[in-house]
Amino acid sequence: MSSRDSRLIQKLSSKPTVRSRGYTKDTKNRVQLLYALPPLALYVHVPWCIRRCPYCDFNSHSINGEIPEQRYLQALRSDLEQSLPLIWGRQVVSIFIGGGTPSLLSGAAVDEMISMFRAYLNIWPETEITLEANPGTIESGRFSKYARAGVNRLSLGVQSFNDRALTALGRIHDSSEAHKAIKAAKDDFDNVNLDIMYALPNQTLDECKEDINIAVNYKTNHLSVYHLTLEPNTIFAKYPPKVPDDDLSAIMQDDIVCILEDYGFDRYEVSAYAHDGNRSIHNMNYWEFGDYLGIGPGAHSKLSFPDKVIRQVRSRNPDLWMSKAVLNNSSHIASEEVIEADSFPFEFMLNVLRLRDGVPKQYYYERTGQPLSSIQGTMDKNIEKGLIANDPMRIKATDLGWRFLNNLQMDFLS
Ligand code: SF4
């Protein structure tokens, strides 16, 4: 996932589908029993950016001056320590340091952070550790320090190579900084993702294709390509720029897929493209309805236990989170709720239908505790419409289903 995927899933997981604390009193609407827990990933939120982009609805905060690194690391350690009882003994399959702009952190801070994770968590030496970086924040030599600290995958928020588009997006970098950052990333990492956006303000089809062609020529092994969306409560929602209409956006999307497939990229998820063997482990875990512990301000967690699946959300405000996390009394956790049984069909399908290959059918039972029969009626209806594949082994959308993905996902809401 690319960096944006990670933040996207953090955002998707904030849906009001759950019950608040006090859930222990009522068990009739809970999971039946989870015989095995799903894989567990770690998400770490670094909340600061140099300047907020007008389209951004992630938990990002402008920073004037230096990041309070030591205070942040101390709070992160405390947050992690308080989370350990929830994940005792579990292997961590991937780590994603997202934001915000994690590349504002010094190499020493990232080194201290990863050493902390290695000391507290079960992590294999080769575990995927992604750090999200933004061009324009890259001091010379910083990427090699991240690599030495243990980061083995870098996700760069390039967005576009067109200066006019980057200005319209309010990005702090220009195209020359984007090129410089990619070259620096490739010097230090074998595993590099580029985030690119399309349907940008006043973007033409040729400009969109040019961005994609430039990106593929860098021969990174992963690309994440997103449609710009005008999210509520952003500056773009209040003052909408002129963006390509639905027809042009659809043509852009089709052309992007064609170009990337010509270059051998596998579109394994709606927005994610990889060369063989380079799918993002972290993002796959999200889309396969795995577990994740999210630490840092505003981070979301989904954690399974034999008799329930819970969600947690940390306090969003960085100062508040830092002050509360070090009190060691869990007050930095803004909410903790059990996912109700009738929320699982939508929650599960919202994720797994984004994957080109879907997931094995047994995941539904294994990861929700609910029988497949609870969604079979809606599945059958959509198999008949040609939106879900008639596959005895897997739950997956058809090509047509992907075209109408939102509607298909919504069908499982009831
Ligand atoms: S750099 Fe990314 S996280 Fe920061 S404000 Fe811009 S879009 Fe949001």
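User: In this predicted model, how many of the nine residues of helix α12 (residues 344-352) are buried?

Analyst: The buried positions of α12 include F344 and P345, and they continue with E347, F348, M349, L350, N351 and V352. Helix α12 is therefore largely enclosed by the rest of the structure, the number of its nine residues that are buried being eight.

User: Which residues touch the most other members of the largest nonpolar core, and which strand gives the largest share of this core?

Analyst: The largest nonpolar core holds 96 residues, and those that touch the most other members are L154, L156, A185, I196 and V352. The largest share of this core, six residues, is supplied by strand β2 (residues 40-46).

User: Where does this core lie with respect to domain 1 (3-287) and domain 2 (342-414)?

Analyst: Residues of this core come from domain 1 (3-287) and also from domain 2 (342-414). Because both domains give residues to it, the core lies between them.

User: Which residues is I196 in contact with, leaving aside its neighbours within four places in sequence?

Analyst: I196 is among the core residues that touch the most other members. With neighbours within four places in sequence left aside, the contacts of I196 are V158, Q159, S160, D211, I212, A215, L223 and V225.

User: Is P244 buried or exposed?

Analyst: P244 is found in the loop between α8 (235-238) and α9 (246-262), and, not counting residues up to four places away in sequence, P244 touches A199, Q203, S249 and M252. Within 10 Å of P244 there are 21 other C-beta atoms, and the cut-off is 20 or more, so P244 is classed as buried.

Technical notes: Residues numbered from 1 in each chain as written. Predicted model: local features only at pLDDT ≥ 70, side-chain atom pairs only at ≥ 80, totals over all residues. Buried ≥ 20, exposed ≤ 12 C-beta atoms within 10 Å, placed from the backbone. Helix = DSSP H or I, 4+ residues; strand = E, 2+ residues; numbered from the N terminus. Contact = placed C-beta atoms within 7 Å. Core = buried A, V, L, I, M, F, W, Y, C linked by C-beta atoms within 7 Å. Domains from an automatic or database assignment.
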